[in-house]
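Okay, thanks everyone. Let me put the chain up on the screen, and then I'll walk you through it.

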Amino acid sequence: VVGGYSVQVEDSPWVVALSSRDRFGGTRAGQFCGGVVVAPTKVMTAAHCLSRTVLGTDVTGVRDLAVVSGRTRLLGTGGREIPVSATWIAPEYSPGTNSSDLAVLTLAEALPASHAIGLAGVGDPAYAPGTSATVYGWGDMTGSGSYASSLRAASVTVLPDSACGQAYPGGLGGRYLESTMLCAGHPRGGRDACQGDSGGPLVARGRLIGLVSWGSGCGRADSPGVYTRISAVAAS
Ligand code: 4AZ
């Protein structure tokens, strides 16, 4: 998260880290993506966290996948590390375009129901452009590889689809597809999700509206963040 502030996971208990010690080693306790608790044994994350190269590592068929809940500092104590017993990738997910960038993890042990966040369904006012939203993660704080050791959040604004349509018409920067994507950022830049935040939550009006998916760079005024649009990919 770029342009953010430090938060305690107790204040946002639905935020979890995805970890694979096997693939990512010890310095970040294996953290490579974010996730969000939507039911006691269900965590949503980005499909691309499980199906292509993430942080320079091929995560296809990643094995010792775990969800870390209740731990603000990745190398701290407290909270729980829960194995993932099953993974589901949205059948509509397209690695080429990043559309429908959603996966659901089933946890081997249940979290308290109070840790789950509600989903914002179709027509929810939380999706209206101009709505203030918060993105959470342990990802890059600068855009140049300075990963957070402790959970951070930043306040961004839901932007009209046209803002990302103009920023991402196609080609190497990617193409914004408004049917399954959501555009958010800050008009002057400086606040955004970044590498390592993928799969983590975008929350507005107390409900989940997005998952960190992609973008060009981090915090650039002309390149907003692109999120998976929850109302398009999850029945609610
Ligand atoms: C990434 O590569 C990534 N600025 C995620 C979000 C954004 C850029 C890159 C948005 O995981």
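Quick bit of vocabulary before anything else: I'll say that two strands pair if DSSP finds at least two bridges between them. Also, keep in mind that this is a predicted model.

So, with that in hand, let's start at strand 7, residues 66–69, and strand 8, residues 80–89. Those two pair in the antiparallel sense, over four bridges. If you want one spot to click on, take Val67, whose bridge partner in strand 8 is Ile82. Then carry on to the next neighbour: strand 8 is also joined to strand 9, residues 103–107, by five bridges, again antiparallel. There, Trp88 has Val104 as its bridge partner in strand 9.

Now look at the loop between strand 8 and strand 9, where you'll find Ser100. Its phi is near 50°, which is a positive value in a residue other than glycine. Is Ser100 buried or exposed? It's buried: there are 21 other C-beta atoms within 10 Å, and the cut-off for buried is 20 or more.

There's another one like that further along. Arg205 sits in the loop between strand 13, 201–204, and strand 14, 207–214. Phi of Arg205 is near 50° too, so to speak another positive non-glycine. Arg205, though, is partly exposed, with 15 other C-beta atoms within 10 Å.

Okay, zooming out. The chain has four helices and 15 strands. Its radius of gyration is 16 Å, close to the 18 Å that the globule rule gives for 236 residues, so the chain is as compact as a globular protein of that length. The C-alpha atoms fill a box of roughly 40 × 35 × 30 Å along the principal axes. Of the 236 residues, 49% count as buried. And if you take contacts between residues at least 6 apart in sequence, 69% of them join residues at least 24 apart.

On to the inside. The largest nonpolar core has 71 residues, and Val135 and Ile209 have the most contacts inside it. What does Val135 touch, leaving out residues up to four places away in sequence? The list includes Val1, Ala153, Ala154, Val156 and Leu202, and also Ala193, Asp197 and Val212.

Hang on to those last three, please. Ala193, Asp197 and Val212 are also among the residues around the ligand. Others in that shell include Asp192, Cys194, Gln195, Ser198, Trp214 and Cys218. By type, the shell divides into five nonpolar, four polar and two charged residues.

That's my tour, happy to rotate the view.

Methods. Residues are numbered from 1 along each chain as its sequence is written. This is a predicted model: local features need pLDDT of at least 70, side-chain atom pairs count only at pLDDT 80 or more; totals for chains, interfaces and linings use all residues. A nonpolar core is a set of buried Ala, Val, Leu, Ile, Met, Phe, Trp, Tyr and Cys residues joined through C-beta atoms within 7 Å. A residue is buried if 20 or more other C-beta atoms lie within 10 Å of its own, exposed if 12 or fewer, and partly exposed in between; C-beta atoms are placed from the backbone. Two residues are in contact if their C-beta atoms, placed from the backbone, lie within 7 Å. A residue is near a molecule or strand if its C-beta atom, placed from the backbone, lies within 6 Å of it. Ala, Val, Leu, Ile, Met, Phe, Trp, Tyr, Cys and Pro count as nonpolar, Asp, Glu, Lys and Arg as charged, and the others, Gly among them, as polar. The radius of gyration is taken over C-alpha atoms; the globule rule is 2.2 Å times the number of residues to the power 0.38.
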